[in-house]
Amino acid sequence: MNAPALFSTRSLELQARVRAFMEAHVHPHEETFHREVEAAENRFSTPPILETLKARARDEGLWNLFLPPDAEPGDADPEPRYGAGLSNLEYALICEVMGRVEWAPEVFNCNAPDTGNMETLARYGTPAQREEWLEPLLAGEIRSSFAMTEPDVASSDATNIRSSVVRDGDEWVINGHKWWATQAPRAECRLFIFMGKTDPDAARHRQQSMVLVPRDAAGIEVVRPLGVFGYDSAPVGHGEVRFTDVRVPAGNMLLGPGRGFEIAQGRLGPGRIHHCMRLIGVAERAIEDMAERARTRVAFSGPLAEKGALRHALAECRLAVDQARLLTLHAAHMMDTVGNKAARREIAMIKVVAPRMACRVLDQAIQVHGALGVSPDTWLAAAYAHSRTLRLADGPDEVHLEALAKLELRGPRGS
């Protein structure tokens, strides 16, 4: 008996088309992208080459590939209305291909945090909210930000959030101090999904709510863009933002008061899969560059590729990448077959394993490149900064290890 196919013919075809697009249009324009960012009057505005490539990808049907079928709203037609209808497992391999260039996911309108925000709106938004915000995000006409992390509390525990969301008649009044709000400094950012407390006296996981906040609402101040190891991540950027007596209509609440923690948990599962698969793409590219450097660089009377220590390090990198890929694909398959909640063990594992692996492989690639590796003349140093950040972005390693340990202490799965 033949086993059921894990990947549809269509998903494999899309994967091949994305890979071909990357080779033909993205990789040849990496220098153009960075040159245009450096030359721009506003570094946090979309460079022309990115808009050109986005238009081409959309014309070729390589657009919004990330939304799984179960993210479609209940009133959707049987055929996918928003995304490509790919499972998490099918999209994972496509995501790996995009991850080889940090800014490439946006070419296909598959970039964070917009993917998570779009999935949040698709899953939890009202028809009016989807029309106002989801449709332009799906069209790539605007960008968005997710405002949760705060500088004054340990935001890895979302119940610590201090920002307030208070009802006043037909409006919500928002006050809070956020940072690491990705895309907040960006010229095209038009929406914040803001997490704050609506009822500090409610049960611990029912205090928080999420509200849609237009970027041009009165009382919003982007204090500064934040750099990571000296990189400003332009044109995307990460911002420190103050919300002071910001008023939005009562209809801007997502799902309902006290549902913010529930939304956050639903939002993070797919996002972690995307991050992890992109990191595997980063690591694959690092291995390729490491091998090429080893073949062509001569030191101590021979190519680096002839040195035993380097050969073993390269082999260890291959082991690490393939192990992380298989674990991540397994998590994606679990999400598709038993759901995000039941796959929380696998999701916790990949969130620790994939960023650690990417940092390890990039560190080795930097070592092989020597002084060049830490310079801005290769992509490696910036990729290391970004990969190291992802050991914090969706929760620090320690949070996921603690969650995993609790699951293990309960006994075997299903007990």
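**Close-up views of a predicted model**

**View 1. Trp-180, a partly exposed residue with positive phi.** Trp-180 has a relative accessible area of 32% and is therefore partly exposed; here buried means under 20% relative accessible area, exposed over 50%, and partly exposed in between, with a 1.4 Å probe and protein chains only. The residue belongs to strand E3 (residues 171-182); helices (H or I, at least four residues) and strands (E, at least two) are DSSP runs numbered from the N terminus. Phi of Trp-180 is near 55 degrees, a positive value in a residue other than glycine. The model is predicted, so local features need pLDDT of at least 70 and side-chain atom pairs count only at pLDDT 80 or more, whereas totals for chains, interfaces and linings use all residues. Residues are numbered from 1 along each chain as its sequence is written, and side-chain values use heavy atoms, with hydrogens and water left out.

**View 2. Leu-255, in the loop between E7 and H8.** Phi of Leu-255 is about 70 degrees, a positive value although the residue is not a glycine. With a relative accessible area of 36%, Leu-255 is partly exposed.

**View 3. Two cis peptide bonds that precede proline residues.** The bond from Ala-112 to Pro-113 is cis, with omega near 0 degrees. Pro-113 is located in the loop between helix H5 (104-107) and helix H6 (114-124). The bond from Ala-234 to Pro-235 is also cis, with omega near 5 degrees. Pro-235 occupies the loop between strand E6 (220-225) and strand E7 (238-249).

**View 4. The surroundings of Ser-145 in strand E1 (residues 143-147).** Ser-145 has a relative accessible area of 0% and is therefore buried. Leaving aside neighbours within four places in sequence, Ser-145 is in contact with Pro-113, Asn-117, Ala-181, Thr-182, Gln-183, Ala-184, Cys-189, Leu-191, Phe-192 and Ile-193; contact means heavy atoms within 4.5 Å. Among these partners is Pro-113, the residue that follows the cis bond from Ala-112. Ser-145 and Val-213 are 68 residues apart in sequence, and their C-alpha atoms are 9.8 Å apart in space.

**View 5. The surroundings of Leu-137 in helix H7 (residues 127-138).** Leu-137 counts as buried because its relative accessibility is 0%. Apart from neighbours within four places in sequence, the contacts of Leu-137 are Asn-109, Asp-114, Met-118, Leu-121, Ile-142, Arg-143 and Ser-144. Arg-190 is 53 residues from Leu-137 along the chain, with a C-alpha separation of 9.6 Å.

**View 6. The packing of helix H2 (residues 30-39) and helix H3 (residues 48-59).** The two helices pack at an angle of about 135 degrees, and their axes are 8 Å apart. H2 is therefore oblique to H3. Axes are lines fitted to C-alpha atoms, for helices over the stretch in contact, and angles run from 0 to 180 degrees between N-to-C directions. Angles under 35 degrees count as roughly parallel, over 145 as roughly antiparallel, 65 to 115 as roughly perpendicular, and the rest as oblique. Thr-32, Phe-33 and Glu-36 in H2 meet Pro-48, Ile-49 and Leu-50 in H3. By class, this contact has 4 nonpolar, 1 polar and 1 charged residues; Ala, Val, Leu, Ile, Met, Phe, Trp, Tyr, Cys and Pro count as nonpolar, Asp, Glu, Lys and Arg as charged, and the others, Gly among them, as polar.

**View 7. The second largest pocket, with a volume of about 160 Å³.** The lining consists of Gln-15, Arg-19, Met-22, Glu-23, His-27, Leu-93, Glu-96, Val-97, Arg-100, Gly-281 and Glu-284. Helix H1 (9-26), helix H4 (88-98) and helix H8 (260-296) each supply at least two lining residues, and the largest share, 4 residues, comes from H1. The lining has 3 nonpolar, 3 polar and 5 charged residues. On a 1 Å grid over the protein atoms alone, a cavity is a set of points where a 1.4 Å probe fits but cannot get out, and a pocket is an open set with protein on both sides within 12 Å along at least five of seven lines; lining residues have an atom within 4 Å of a point. Grid points are joined across faces, edges and corners, and a volume is the space filled by probe spheres set on the points.

**View 8. His-369 in helix H10 (residues 344-369).** His-369 is buried, as its relative accessible area is 8%. Beyond neighbours within four places in sequence, His-369 is in contact with Asp-289, Met-290, Arg-293 and Leu-380.
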